[in-house]
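I opened the model to look up a few surface and backbone features. My entries follow in the order in which I made them.

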Amino acid sequence: PEVINGRTHRATVVDLSPWVEYEFRVVASNSVGIGEPSRPSALLKTKAAVPVVAPTNISGGGGSRSELVITWEPVSEELQNGEGFGYIVMFRPLGSTTWTKAVVASVESSKYVYRNESITPLSPFEVKVGVYNNQGEGTLSSISIIYSGED
C-alpha cells in the first residue's frame with residue numbers, strides 16, 4: 001500500500017474489483033516501528049460494472065439427433081461484477097454468416113442444448129459464449145468448433 005503523510009486524513013484506494021465488499025484498516029509507522037492496525041472499517045461494496053471475463057473451456061458435442069450441446073466453465077462469483085449475471089450463447093453452422101443467439105439467465109449454468117430437426121448429425125458449428133449482468137454485455141469467448149449429436 002501507498003505510504004501517506006501522517007497529517008493526511010484521507011486516502012484513495014485504486015484497482016479494486018467491482019461489486020466486492022472490502023474492509024479497511026490503518027497502520028501507523030515511524031522511525032521507531034510499526035503500530036497496531038486499527039479496527040476494521042465497516043464493509044464497503046464497490047460499484048457494479050460490466051463483466052470482463054468470458055467463460056473458458058468451451059466444448060460440448062454428443063447429445064441426441066438434432067441437438068447441439070454446448071458446455072463451458074462457469075465464471076466465478078468474484079468476476080461476475082454485478083447482479084443479474086448470465087450467459088450469452090452464440091452459434092452458427094460452420095461457413096454460415098448468421099449467428100443464433102440464446103440467453104441463459106442462470107448464474108450456475110454451464111450447459112446449453114439447442115434442438116432443431118434440421119440439424120444433420122455430426123455437423124460442425126462455430127460457438128462463442130459470453131457474459132452479461134445488469135450493467136450490460138461483457139466479453140465473448142474465442143470461437144470453438146463443436147459437432148452436433150450423432151444419428
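I looked up Leu94 first and recorded it as partly exposed, because its relative accessibility is 47% and the class lies between buried (under 20% relative accessible area) and exposed (over 50%), with a 1.4 Å probe and protein chains only. I located Leu94 in the loop between strand 7 (86–93) and strand 8 (100–104); strands are DSSP runs of E of at least two residues, numbered from the N terminus.

I noted that this is a predicted model, in which local features need pLDDT of at least 70 and side-chain atom pairs count only at pLDDT 80 or more, whereas totals for chains, interfaces and linings use all residues. Residues are numbered from 1 along each chain as its sequence is written, and side-chain values use heavy atoms, with hydrogens and water left out.

I then found Leu94 in a nonpolar surface patch with Leu122, Ile143, Ile145 and Tyr147, with about 480 Å² of accessible area together. Patch residues have over 30% relative accessible area and no salt bridge (a side-chain nitrogen of Lys or Arg within 4 Å of a carboxyl oxygen of Asp or Glu); nonpolar side chains (Val, Leu, Ile, Met, Phe, Trp, Tyr) are joined within 5 Å. Accessible areas come from the Shrake-Rupley method with a 1.4 Å probe.

I next checked the backbone of Leu122, which sits in the loop between strand 9 (111–115) and strand 10 (124–133). Leu122 has a positive phi of about 55 degrees, although it is not a glycine. Most residues other than glycine have a negative phi.

I recorded a positive phi of about 70 degrees for Ser66, also not a glycine. Ser66 lies in the loop between strand 5 (56–60) and strand 6 (67–73), and I entered Ser66 as buried because its relative accessible area is 3%.

Definitions and conventions. Patches are made of residues with over 30% relative accessible area and no salt bridge: like charges are joined within 9 Å, nonpolar side chains (Val, Leu, Ile, Met, Phe, Trp, Tyr) within 5 Å. Helices (H or I, at least four residues) and strands (E, at least two) are DSSP runs, numbered from the N terminus.
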